[in-house]
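This report looks at a ligand and at the enclosed spaces of a protein. Please view the sequence and the model first, and then read on.

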Amino acid sequence: MTHNLRSRLSSVDWDFAGNYSESRFSAIHFHPCRFASQVPATLIGLLSKPGDLILDPFSGSGTTLVEAQRLGRTSVGIDLNPIAVLASKAKTIDKPVSVIASGVSTLKHYATLQLSRQINTLRATVEPKIPNSVQIAKWYVPTVAEQLGRLWSLIQSLDAENRVIAECAFSAILLSVCRETRHWGYVCDNTMPQSNRQGDVLNEFCRALERLDRAYRDRDAEIAASGRSESIKKATVIGGDAATVLSTYPKASVDLVLTSPPYFGVCDYIKAQRLSMEWFGITIEELRLKEIGARSKRHRGEALKEYVDGLTAVFTATRRCMKTGAYMALVIGESAKRAGVLSELRTMFQNLGFSLKMEINRTVSAQRRLAPSILGEHLFILSR
Ligand SMILES: C[S@@+](CC[C@H](N)C(=O)[O-])C[C@H]1O[C@@H](n2cnc3c(N)ncnc32)[C@H](O)[C@@H]1O
């Protein structure tokens, strides 16, 4: 690492406590412990160049991919969680907003025709369809259930691209229209809701679509303002276990790895999307077995060893895909309760043959803290 790069990395305000605004894409879909978008944006700017290929083996809600696309880099993201994959695909559609917007406005029009009360009696044509896997009476009051069923039915009839956008918006509103009004952790743990909120499905759905539309507009405006004449770069999103997916990915092809692996015992990423998983008919238990560091596994005798073994498999496969000398930047949450994890990771990287270039601590402000036990984050910069 050159002296110049080291000093540029050292001079960044990693807490982003000043006037740094988040990407509009960050608010599109709930995902616990996601990146503040400024972190990947800054790292991509400093550690790669336009046209490079960036890999995030734990891409979650797609923050790395969104920032890579905005900055003119091609990217690949992998995540075990199919709902995170859906949100990432919707956020990174590589078509200009002029093309996407007409689909979005047609979608809003159809949803209004099917769900709006006055018109409904005259024009509604779709029957509500609710998959058997949804615990409908538990999570939703009857009017909300009926509206969601109608919307779901409409979405199933769309073409592939509009369907990704519509499914993302549908999935994004479930928490805000369901009966549970306490912390999302109660849904995650499948606890009986204690309120009878009657969410406004049509309004929430249209607002989710508008948020997406505004985010695409911002992205396109920034790309245009950057003076780069190229088209929107491709972001490939792959669902599955990262070690398995990467074992067949082209060797020595990646210019930069940028990721935030699951923190040890802090979050249940799969269970956190329970409401969406039910609509999409995804079995939580099968996926949970492959989830690295899940909170629900933290009391197992071998939990820390299983966590390190899981990460070792992923980073062995990741290293194989990196070009010689390529950087890997990794952000990991720090919690006083899980002290010792960072030194386990340092040893793991050393054993895998990575060269540790720099370590940086960043404070996460109380407003931005997505898991209360995570007070700060640690940034490792390594190279192959
Ligand atoms: C800290 S989050 C990443 C958040 C992401 N940086 C963002 O901004 O949304 C860690 C991710 O690792 C994923 N994960 C856990 N086990 C995995 C595995 N075996 N293979 C791939 N992804 C996995 C989780 O689903 C979760 O989305």
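## The ligand and the cavities

In this predicted model, a polar side-chain atom of aspartate 79 lies 2.7 Å from an oxygen atom of the ligand. On its own the ligand has 610 Å² of accessible area, and the protein covers 100% of that area. Two further side chains, those of serine 61 and threonine 63, also place an N or O atom at a short listed distance from a ligand oxygen atom, as the table shows.

| Side chain | Distance to a ligand oxygen atom |
|---|---|
| Serine 61 | 2.6 Å |
| Threonine 63 | 2.6 Å |
| Aspartate 79 | 2.7 Å |

Around the ligand there are 23 residues, of which Phe35, Ser61, Thr63, Asp79 and Asp241 come nearest. By class, this shell holds ten nonpolar, eight polar and five charged residues.

Where does the ligand sit? Its place is the largest cavity, which encloses about 340 Å³ of space. The lining of this cavity is made up of 28 residues, and those closest to its centre are Phe58, Gly60, Asp79, Ser260 and Pro262. Strand 2 (74-79) and helix 13 (269-272) each contribute at least two residues to that lining, in which 13 residues are nonpolar, nine polar and six charged.

The whole structure contains two cavities of 30 Å³ or more, and the second largest has a volume of about 80 Å³. Among the residues lining the second largest cavity are His29, Phe30 and Arg274, while helix 9 gives the most to this lining, with four residues. Its residues divide into six nonpolar, four polar and one charged.

Notes:
Residues numbered from 1 in each chain as written. Predicted model: local features only at pLDDT ≥ 70, side-chain atom pairs only at ≥ 80, totals over all residues. Heavy atoms only, no water. Near = heavy atom within 4 Å. Polar contact = N/O pair within 3.5 Å; in protein donor to acceptor, adjacent residues only side chain to side chain. Areas by Shrake-Rupley, 256 points an atom, 1.4 Å probe, with all protein chains shown as cover. 1 Å grid on protein atoms, 1.4 Å probe; cavity = no way out; pocket = protein on both sides within 12 Å on 5 of 7 lines; lining within 4 Å. Sits in = over half its atoms within 2 Å of the grid points. Nonpolar A, V, L, I, M, F, W, Y, C, P; charged D, E, K, R; others polar. Points joined across faces, edges and corners; volume = space filled by probe spheres on them.
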